[in-house]
Amino acid sequence: MEKMRAVKIPCENKIELHQVPVPEPKEGWVRIKLMASALCRSDLYRFHGEKVFSDTGDESFITPGHEPCGIVEKLGDNVNKVKVGDRVAIYLAIGCGSCEHCLSGNTVLCREFKCIGFALDGAHADYIVVPQECCLPLPEKMDFVTGALSTDVAGTLYTACRRIGVNAAKTVTIFGVGPMGMGGLLIAKGLGAKVIVSDINEGRLKLAEELGADHAINSMELDVQKTILELTDGKGSDCVICCSGNNTAYNSALNCAKKGGSVAFIAEAHNITIDPSAQFVNKRLNVMGCWYFNNSDWNEITKFILDKKIPLKKIATKLYDLDDADEAFRLFDSGKTQKVVFVWE
């Protein structure tokens, strides 16, 4: 039986590389040879012994990885939407296929939603099998690393920017410029907006300025709300994107939005304390949770990235071979890098 490499997280703070059988695609599914697979903050939850989805059972030997792309290598029976040799990115969600959310392309909202890398084996491996519906065509002009970053990072942030009306007439403030926040900066600048970023990490703030941020605020050194009011003629930011999942960032996002403005929450967070009346009811804010993208928007997302020459690869600060998975996880966990991506060839 042919074997392949696959990352496993058997217990807290432990990464192992196993030799496992190469998976066979069942009816309607395809096997994909991975070419790039990006690490995500949610991979680190498992690394730290935390469950991401409460209903997935034992995740300890599920291969992680949900931001991949690669080449279709083998088809199961009755596959008619892709062919061997197709370059594809992979949509992370598997649903029932028949509910209103699946039919509208928002599979992540399906009651039967399952996420690759959590409920079933993901992409930090040499091969993965997924339903053909999860295959998103990768443009010939798009390299595999950019393709991987175009899913969770660019896809989510493009959707968020579109939902809160980011355009060239708007000022956008982004709290937290880790990989997701940095993706938001690149998308918002591509849409022509003025962008303010806030973080406590000087390295991230410096990179944000290099990537086009108009203002970078270290919230350990400056009063963020006062500074943003000064930068926006006392009004506050038209649009705010929160990519940091702590109480301070969530509150700052609401406080720094102008009256009638819009706030998109990207970062996962628990037990946040806010004042709804003062912070968004009386300000008539448009507040929304933004999680992933509608798969029908994929062609629009990739066209935007290519047309606007969005330099997503600049936030892939470290590329690793799968053999170095332990080092890759620990570097990403350190917060000393932006996106870490496993690559093949």
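The radius of gyration is taken here over C-alpha atoms, and the globule rule is 2.2 Å times the number of residues to the power 0.38. The model is predicted: local features need pLDDT of at least 70, side-chain atom pairs count only at pLDDT 80 or more, and totals for chains, interfaces and linings use all residues. Residues are numbered from 1 along each chain as its sequence is written, and side-chain values use heavy atoms, without hydrogens and water.

**Exercise 1.** Determine how the radius of gyration of the chain compares with the globule rule.

*Solution.* Step one: for 345 residues, the rule gives a compact globule a radius near 20 Å. Step two: the chain has 20 Å, so the two values agree. Step three: along its principal axes, the C-alpha trace spans about 65 × 40 × 35 Å.

**Exercise 2.** Describe the largest nonpolar core (buried Ala, Val, Leu, Ile, Met, Phe, Trp, Tyr and Cys residues joined through side-chain atoms within 4.5 Å).

*Solution.* Step one: buried means under 20% relative accessible area with a 1.4 Å probe, protein chains only; such residues make up 57% of the chain. Step two: the largest core has 98 residues, and those touching the most other members are Ile 32, Val 130, Ile 174, Ile 241, Phe 329 and Phe 342. Step three: strand 3 (a DSSP run of E, at least two residues, numbered from the N terminus) spans residues 29–38 and supplies the largest share, 7 residues.

**Exercise 3.** Identify contacts (heavy atoms within 4.5 Å) of Ile 174 beyond four places in sequence.

*Solution.* Step one: among its partners are Gly 181, Gly 184 and Leu 185. Step two: the partners also include Val 195, Ile 241 and Cys 243.

Notes
Buried means under 20% relative accessible area, exposed over 50%, partly exposed in between (1.4 Å probe, protein chains only). Helices (H or I, at least four residues) and strands (E, at least two) are DSSP runs, numbered from the N terminus.
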